[in-house]
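Trainee: I'd like a close look at one part of this model, with the whole chain as background. Can you walk me through it?

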Amino acid sequence: MVVVAGGFLVPFKTKGTITLFNTTGTSIVGPYEITGGNEDHEWFYHRVRWLDMNGDGVKDAVTCRGKKSIFGGSSGELVWYEHPTVYRDNLLYPWTAHILGDDSDTFFDITSLPSSDGMLPCIITTGYFSNKLKIYWTTDPNGSWNDLSTVHSRIIESDIGHVFDVQVSDLNGDGKLDLLVTANGVSQTGLYIYEIPTDFRTGNFIRHVLKSDFHTHNILPGGGAPGSAQIIKSSSTSTGKPMILLSGDDDSRAYLFSPASTSVSDWTYQMNIFLDLHSGTVGGIAYSDVDADGFPELFVPAYSKNLVYIYTLKQ
């Protein structure tokens, strides 16, 4: 099954949907839309993750959604769509939406983090419109999210501009999870790492700046830099510090950041621009070792040129 999250904030593309395609057979069947209500179509969607949110044994669709009118305000929501109990195997029926919180409109990541009360399920969200990086958690003994009285949240950051993407990973090789965050904009831009405190509910998230002076070629609504970042491990080891792939979005570049040392206290990275188109948009980068030679291929979409550039990362 393949899921597609759609819609965008620019005029004529604001209608958003989440649709499924069944790819298990000899031919692709679909699309099946699970956002069936008119209110669902007022939002745009970027990412979907699958998690059993209510403990009924089947996975639900977790997402963030946003909307912005041309002359009015903006808003965002963290929401999950419930896998139907009735007609469970019939994808012609829309799923029920459950709203967990606001200020969360673009990307997110799901994890579990330690606290003084043990490991707690968490969802970290970004707010492009709200300028907020947030964390949600549930104290339900079974890890469920369907009882809002057990769902809590706090703001991690609200001073870096349009918070765009977040990924949870161990960035310095100390065995503890960190946050890899991007802020997309025209003037306030950046690639950041946040150290997660011993108790994420009350502790201070320490911010490290990897780069903060990205320059977009597009100053129209929705234009900005950088885009999404993600970690990539070296071909020679699966431990230690990872490298970071970064889409420049409307600065028309693709980046690879490499750790400057193996020290867990050194947050310095070396930046390599391996593609510079000088104009247009570079989208989210995907990678996979497609030829099984032990080195990953990097797939860089150049939207404005209608091309995908492919690199092999050998290091």
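Mentor: Sure, and one bit of bookkeeping comes up front: Lys and Arg count as positive and Asp and Glu as negative, while His and the chain ends are not counted. Keep in mind too that this is a predicted model. On that count, the protein chain has 21 positive and 35 negative charges, and the mean positions of the two sets are 4 Å apart.

Now for the close-up, Tyr32. This residue lies in strand β3, which covers residues 29–33. Strand β3 belongs to a chain with 22 strands and zero helices. Leaving out residues up to four places away in sequence, Tyr32 touches Ile18, Thr19 and Leu20, and also Leu91 and Leu92. As for Asn22, that residue is ten residues from Tyr32 in sequence, and the C-alpha to C-alpha distance between the two is 8.6 Å.

Zooming out to the contacts of the whole chain, take those with a separation of 6 or more: 45% of them join residues 24 or more positions apart. On overall size, the radius of gyration is 20 Å, which agrees with the value near 20 Å that a compact globule of 315 residues would have. Along the principal axes, the C-alpha atoms fill a box of roughly 55 × 50 × 45 Å. Of the 315 residues, 47% are buried. The accessible surface comes to about 14,900 Å², with 52% of that belonging to carbon and sulfur atoms.

Key:
Residues are numbered from 1 along each chain as its sequence is written. This is a predicted model: local features need pLDDT of at least 70, side-chain atom pairs count only at pLDDT 80 or more; totals for chains, interfaces and linings use all residues. Side-chain values use heavy atoms; hydrogens and water are left out. Helices (H or I, at least four residues) and strands (E, at least two) are DSSP runs, numbered from the N terminus. Contact means heavy atoms within 4.5 Å. The radius of gyration is taken over C-alpha atoms; the globule rule is 2.2 Å times the number of residues to the power 0.38. Buried means under 20% relative accessible area, exposed over 50%, partly exposed in between (1.4 Å probe, protein chains only). Accessible areas come from the Shrake-Rupley method with a 1.4 Å probe; for residues, only the protein chains shown count as cover. The place of a charge is taken as NZ of Lys, CZ of Arg, CG of Asp or CD of Glu.
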